[in-house]
Amino acid sequence: MTKYKIRCGLAAAAITVAALGGAVATAPEAAAASCYSWTQKGKTTANVKLRSNHSTSSTALGVLAKGTKVTGNCLWWDGKSQYQWYRVKVTSGANAGRTGWIYGAYFWGFAS
């Protein structure tokens, strides 16, 4: 349980820092632009493209409708900008079973 809380705390901290402009003196340089491993169930908040990588220039693997259930297993943030991406496994809808990346603004996590 503690390990889960730490992982969620890291993800929440990264999101908060990103929302505030990414200026944190204590953020380790080596950890910037890396994947923070964690597990979080959630759903999409709007129609969003499932991508092959954490970039809008990467291949679109499909479109997830608003409310599609997903399980996030990685938070990627470059350590500088407000942009974060989630690697997710789709658990409902037309793309169920697929794994890819969605832009963080379209992911809403919940506990169960």
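## A lysine patch, aromatic pairs and strand contacts

Lys41, Lys43, Lys66 and Lys69 together make up a positive surface patch. Welcome to this predicted model, in which local features need pLDDT of at least 70, side-chain atom pairs count only at pLDDT 80 or more, and totals for chains, interfaces and linings use all residues. Residues are numbered from 1 along each chain as its sequence is written, and side-chain values use heavy atoms, with hydrogens and water left out.

A patch is made of residues with over 30% relative accessible area and no salt bridge, with like charges joined within 9 Å and nonpolar side chains (Val, Leu, Ile, Met, Phe, Trp, Tyr) within 5 Å. A salt bridge here is a side-chain nitrogen of Lys or Arg within 4 Å of a carboxyl oxygen of Asp or Glu. Lys and Arg count as positive, and the charge of a Lys is placed at NZ.

### Overall layout

The protein has one helix and seven strands (DSSP runs, with helices being H or I of at least four residues and strands being E of at least two, numbered from the N terminus). Read from the N terminus, the order of the elements is α-β-β-β-β-β-β-β. Of its 112 residues, 33% count as buried; buried means under 20% relative accessible area, exposed over 50%, and partly exposed in between, with a 1.4 Å probe and protein chains only.

### Residues in the strands

Let us return to a patch member. Lys43 belongs to strand E1, which covers residues 34–44, and Lys43 counts as partly exposed because its relative accessibility is 33%. The C-alpha atoms of Lys43 and Leu64 are 9.6 Å apart, with the two positions 21 residues apart along the chain numbering.

Gln40 also lies in strand E1, but Gln40 is buried, with a relative accessible area of 11%. Across 68 residues of sequence, Gln40 and Trp108 come to 9.4 Å, C-alpha to C-alpha.

Strand E4 (residues 69–77) holds Leu75, which is buried at a relative accessible area of 0%. Leu75 and Gly104 are 29 residues apart along the chain, and their C-alpha atoms are separated by 8.4 Å.

Tyr86 sits in strand E5 (residues 84–90) and is buried, with a relative accessible area of 4%. For Tyr86 and Cys74, 12 residues apart along the chain, the C-alpha separation is 5.6 Å.

### Aromatic rings

Tyr86 appears again here: Trp38, Tyr86 and Phe107 form one aromatic cluster. Rings of Phe, Tyr and Trp (its six-membered ring) pair if their centres lie within 6.5 Å; planes under 30 degrees apart count as stacked, over 60 as edge-to-face and the rest as tilted. Searching the whole structure gives six aromatic pairs. Among them are Tyr103 and Tyr106, whose ring centres are 5.9 Å apart with planes at 55°, so the pair is tilted. Trp108 and Phe110 form a tilted pair too, with 5.5 Å from centre to centre and 45° between the planes.

The residues of these two pairs are listed below with their accessibility.

| Residue | Relative accessibility | Class |
|---|---|---|
| Tyr103 | 23% | partly exposed |
| Tyr106 | 33% | partly exposed |
| Trp108 | 46% | partly exposed |
| Phe110 | 22% | partly exposed |

Trp108 thus links two parts of this account: Trp108 pairs with Phe110, and its C-alpha atom lies 9.4 Å from that of Gln40.

Definitions and conventions
Areas by Shrake-Rupley, 256 points an atom, 1.4 Å probe, with all protein chains shown as cover.
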